[in-house]
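Thanks for coming, everyone. I will keep this short. Please look at the structure as I put it up.

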Amino acid sequence: MIQVKDLSYTYPGSDHPVLKNISFDIQQGEIFGFLGPSGAGKSTTQKVLNGLLKGYQGSVIVNGTDLKKMDRSFYEKIGVAFEFPNLYMKLTALENLKLFASFFNSATRDPLELLEMVNLSADQNTRVSSFSKGMKMRLNFIRALLNHPEILFLDEPTAGLDPGNARIMKDIILDLKQQGVTIFLTTHHMDDAGELCKRLAFMVNGSLPVIDSTTALKLKHGKKSVKVEYLQNEEPLAKEFSLNELSENQQFMEIIRTLKILTIHTQEASLENIFIEVTGHQLKQ
Amino acid sequence: MKLRTLTYDYKLLKGDPMLMLSMGIPFILWAMMQFLVPWIMEVAMEQWDFDLSPYYIQTGTFFLMLVPMMMGMVYGFVLLDERDGGIITAISVTPTGKKGYLLLRMGIPITISFVFVLLFVLILHLSDFRNLFQLGLIALVISSQSLILLLFLGAFADNKVMGLAISKGFGILLLGPLLDYVLPSPFHWIGGYSPLFWASRAFLTPDDFQFWLYTGISILFHTLLLWILFRKFSARSD
């Protein structure tokens, strides 16, 4: 659905390329996570992929269209939700959706149904200027769904949302994936990336040192051990055991049989730690 | 883009008291020309025996030029407001796109200006044009001034604060026709730097040849400026 080959981009007037020869493919119905610290080139990549930035080197094919030869009809099947909600503050939620629906030539979804999906029905006639950040984010998200997009670009879709609404958004994203929508997800949020994305790309300084499946990354970089915290003579202690033949480990069995266990955790690598390990960079900069 | 897009424009204006107020300015100008200016002329004649009537048409022409400028500024600020809010970027990723959006933004001020200029001239009998075609043509040229201001703000102002600073300089455009009215020949040609100078000359001249000459210069001048500004605006990455 998206094929990027040797993509490089330098902003006009700058000597340094922001994107350096990056290549990746995204299949239809896949949620592809794009991770990296601020300034790594994630937003620039997204802007190239949704046709906002021209003058790049390399080849970018999105939904069968070579972006160097695209016309406006390309946007009939693309949905974009930007990181910062860019809405008409003086219009109501419903008016915002109706106005944006008028910018498409193809049939659009019922705005009331979309508002219902993210619990904004009761606020449909409220001016967006009086919305909380979370409400604006939800409206911003459903606006990207107006035109039945086949490819959806999402930038930090759960930023500023309470856990309940973040759950609703993630369920909608997973549901869209089930319907065959291809999703390009840019995020800092490791838990979201781990939960939603089949594959991840780590971006650092305009390059993609790692593109792999979420499961493979966790297996490759995780420690195959379990950490047990327990009380011995009223003193809290901790010990780590290899997962290999754990049931035959006498010391481990002794501890769980005879002592009071406080916690037991397998030592899987967090995506954040994997990122630091493979790129040498902190994710949140 | 559909026609109903336009209905939301009214809602956007309604939501901003300053913009609504500025939409009332054409009516204030009409009322001034209809009631205030004749009253001042009458008082000047009675009190000081000073005849202001030769300046009535020039005053009216000057007011005529104000309206497209006002419309250009009002919609220029709507555009800057939308840029500040990232709306232009959001529209850029729809089939309407930045150019479609700009055409929408340009269509409304030029239409309002055009209708106003026509009504203003016809109601106040500002000019005895030989035919409606000439009047329509010169009204269109004068109205296109609104697009120059709108595009100038869109091309050079990054935000509303910058737009406010830039719009203060727009008065220099109005100075062009004023110089034509007050400076003796040949110094009045100094005003020729302003596209309004040529539009005003075309509007005021009783001579057919001069009308076509000044209108031609005015159309070329406006087209060149609009082309440069449109390209400049389109090239912006927002």
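The C-alpha centres of the two domains of chain A, domain 1 and domain 2, sit 44 Å apart. Keep in mind that this is a predicted model. Domain 1 of chain A covers 2-218, and domain 2 covers 223-267.

Now the contact between the chains. How many residues does each chain bring? Chain A brings 23 residues to the contact, and chain B brings 24. Together, chain A and chain B bury about 2300 Å². Of that area, 64% is on carbon and sulfur atoms. Which three residues supply the most of what chain B buries against chain A? They are B:Tyr8, B:Val93 and B:Pro95, with 29% of that area. No other three residues of chain B supply more.

Next, charges. Over all chains, the whole structure holds eleven salt bridges. One salt bridge is found across the interface of chain B and chain A. Its partners are the side chains of A:Lys90 and B:Asp81, at 2.9 Å from N to O. Where do these two residues sit? A:Lys90 is in the loop between β6 and α2 (93-101) of chain A. B:Asp81 is in helix α4 of chain B, residues 56-84.

On to the cavities. There are three cavities of 30 Å³ or more. The largest has a volume of about 100 Å³. Both chains appear in its lining. From chain B come B:Ala90, B:Val93 and B:Thr94. Chain A supplies residues including A:Phe82, A:Phe100, A:Phe104 and A:Arg143. Remember B:Val93 from the buried area: it was one of the three residues I named for chain B. Which element gives the most to this lining? Strand β6 of chain A, residues 78-81, does so with three residues. By residue class, the lining of the largest cavity has eight nonpolar, three polar and one charged.

The second largest cavity holds about 40 Å³ of space. Among its lining residues are A:Ala81, A:Phe82, A:Met137, A:Leu154, A:Glu156 and A:Met169. Two elements of chain A, α4 (133-143) and β7 (151-155), each give two or more residues to that lining. The largest share is three residues, and α4(A) provides it. The lining of the second largest cavity splits into seven nonpolar, one polar and two charged. A:Phe82 turns up again here, having already lined the largest cavity.

Last, the backbone. First, some context. Most residues other than glycine have a negative phi, and most peptide bonds are trans. Two places here go the other way. A:Glu156, which also lines the second largest cavity, has a positive phi, near 50°. A:Glu156 is in the loop between β7 and α5 (163-178) of chain A. In chain B, which peptide bond is cis? The bond that joins B:Ser185 and B:Pro186 is cis, with omega about 5°. B:Pro186 lies in the loop between α10 (171-182) and α11 (195-204) of chain B.

To recap three points. Chain A and chain B bury about 2300 Å² between them. A:Lys90 and B:Asp81 form a salt bridge across the chains. The largest cavity takes lining residues from chain A and chain B. That is it from me. Over to you.

Definitions and conventions: Residues numbered from 1 in each chain as written. Chains lettered and ligands numbered in written order. Predicted model: local features only at pLDDT ≥ 70, side-chain atom pairs only at ≥ 80, totals over all residues. Heavy atoms only, no water. Domains from an automatic or database assignment. 1 Å grid on protein atoms, 1.4 Å probe; cavity = no way out; pocket = protein on both sides within 12 Å on 5 of 7 lines; lining within 4 Å. Points joined across faces, edges and corners; volume = space filled by probe spheres on them. Helix = DSSP H or I, 4+ residues; strand = E, 2+ residues; numbered from the N terminus. Nonpolar A, V, L, I, M, F, W, Y, C, P; charged D, E, K, R; others polar. Contact = heavy atoms within 4.5 Å. Buried area = accessible area lost by both parts, 1.4 Å probe. Salt bridge = Lys/Arg side-chain N within 4 Å of Asp/Glu carboxyl O.
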